[in-house]
Amino acid sequence: MGAGASGFATESDDGVSPSIKPKLSDIPESCIALVLMHLDPLEICDLARLNRAFRDASSADFIWDLKLPSNYKFLVHKLFDEGCLSKMSKKDVYARLCRPVPFDGGTKALWLDKSTGGVCVSLSSKALAITGIDDRRYWNHIPSDESRFQTVAYLHQTWWFEVGGEFEFQLPAGIYSLFFRLHLGKPSKRLGRRVCNTEHIHGWDIKPVLFQLTTSDGQRAVHRCYLGNPGNWVKYLVGDFVVENPNSLTKINFSVTQIDCTHTKGGVCVDSMLICPFHCRDKDQSW
């Protein structure tokens with residue numbers, strides 16, 4: 001009798017046989033996908049590790065259609081080869097855009113913020129208009145592994161400090177912040193360790209520099225501040241602007257200047273300009 005009884009499944013405390021209890025893997029893939037579409041991209045990727053059903057559901061195109069920026073077709077046409085792109089799922093497109101994609105000869109880069117899908121763009125020093133950059137008595141392009149672009153513009157000394165540029169691009173609707181990334185001192189490596197030459201730093205404590213931006217639809221921002229924190233890269237805010245029409249190009253003019261010719265200034269590195277969504281402005285962005 002005891003031996004015969006042992007062939008039957010025992011009931012759990014709630015009276016249900018373990019063999020017929022629902023499992024996570026029993027949830028229909030379509031239901032999982034409907035839940036995942038309400039999560040952010042990082043949460044979706046975390047849940048995709050649970051099991052095969054979650055992994056397969058997490059690849060549904062309709063999920064990633066909602067996560068990609070509204071202008072993603074403009075982005076992929078500008079950044080990728082059409083033949084390669086046709087073989088990619090929407091999830092693959094999102095993942096690829098989350099890694100910095102160089103364009104315009106490698107002088108610019110675009111990427112998505114991984115958690116929100118916000119569009120970020122950076123322009124290297126070689127994509128900026130720098131007064132006197134061709135005169136090696138004043139400026140040099142120097143290699144730097146601390147820059148996304150592997151090179152920065154270094155100022156020895158000048159009377160007229162003027163760095164600016166113009167950028168025209170199609171951005172999703174939203175509020176954006178624009179920054180310059182600058183560094184007082186000349187960073188380098190010595191015996192594998194980071195060192196900073198502060199020999200040429202001068203003139204930045206006398207008067208503030210002027211940051212400005214204007215947009216093609218009449219927006220304007222002005223910001224003044226002193227350059228400081230020698231030996232460290234600093235992200236200086238130029239200002240914020242609003243994009244209302246995601247289907248049209250927005251033209252942005254921007255600059256940082258200190259053109260008071262009563263004193264010279266020098267010892268500064270210019271790395272790049274960054275545009276990022278307002279809600280991402282405090283993130284590192286992995287320069």
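Biologist: What is the mean pLDDT of the protein chain?

Modeller: This is a predicted model, and the mean pLDDT of its protein chain is 88, with 88% of the residues reaching 70 or more.

Biologist: Where does pLDDT stay under 50, and how should one read such a part?

Modeller: Where pLDDT is low, the predicted coordinates should not be read in detail. Here pLDDT stays under 50 over residues 1-9, and for this stretch the model has one contact beyond four places in sequence.

Biologist: Which sign does phi have in glutamine 150, and where does this residue lie?

Modeller: Most residues other than glycine have a negative phi. Glutamine 150, although not a glycine, has a positive phi of about 65°, and it lies in the loop that runs between strand 5 (139-143) and strand 6 (151-155). Glutamine 150 counts as partly exposed because its relative accessibility is 46%, which falls between the limits of 20% and 50%.

Biologist: What is phi in leucine 191, and is that residue buried or exposed?

Modeller: Leucine 191 also has a positive phi, near 55°, in a residue other than glycine. Its place is the loop between strand 9 (186-190) and strand 10 (193-197), and leucine 191 counts as exposed because its relative accessibility is 86%.

Biologist: Which residues make the nonpolar surface patch of about 310 Å²?

Modeller: Trp159, Trp160 and Ile259 make this patch. Isoleucine 259 is found in the loop between strand 14 (250-258) and strand 15 (268-277), and with a relative accessibility of 38% isoleucine 259 counts as partly exposed.

How values were computed. Residues are numbered from 1 along each chain as its sequence is written. This is a predicted model: local features need pLDDT of at least 70, side-chain atom pairs count only at pLDDT 80 or more; totals for chains, interfaces and linings use all residues. Side-chain values use heavy atoms; hydrogens and water are left out. Helices (H or I, at least four residues) and strands (E, at least two) are DSSP runs, numbered from the N terminus. Buried means under 20% relative accessible area, exposed over 50%, partly exposed in between (1.4 Å probe, protein chains only). Patches are made of residues with over 30% relative accessible area and no salt bridge: like charges are joined within 9 Å, nonpolar side chains (Val, Leu, Ile, Met, Phe, Trp, Tyr) within 5 Å. Accessible areas come from the Shrake-Rupley method with a 1.4 Å probe; for residues, only the protein chains shown count as cover. A salt bridge is a side-chain nitrogen of Lys or Arg within 4 Å of a carboxyl oxygen of Asp or Glu. pLDDT is the predictor's confidence in each residue, from 0 to 100. Contact means heavy atoms within 4.5 Å.
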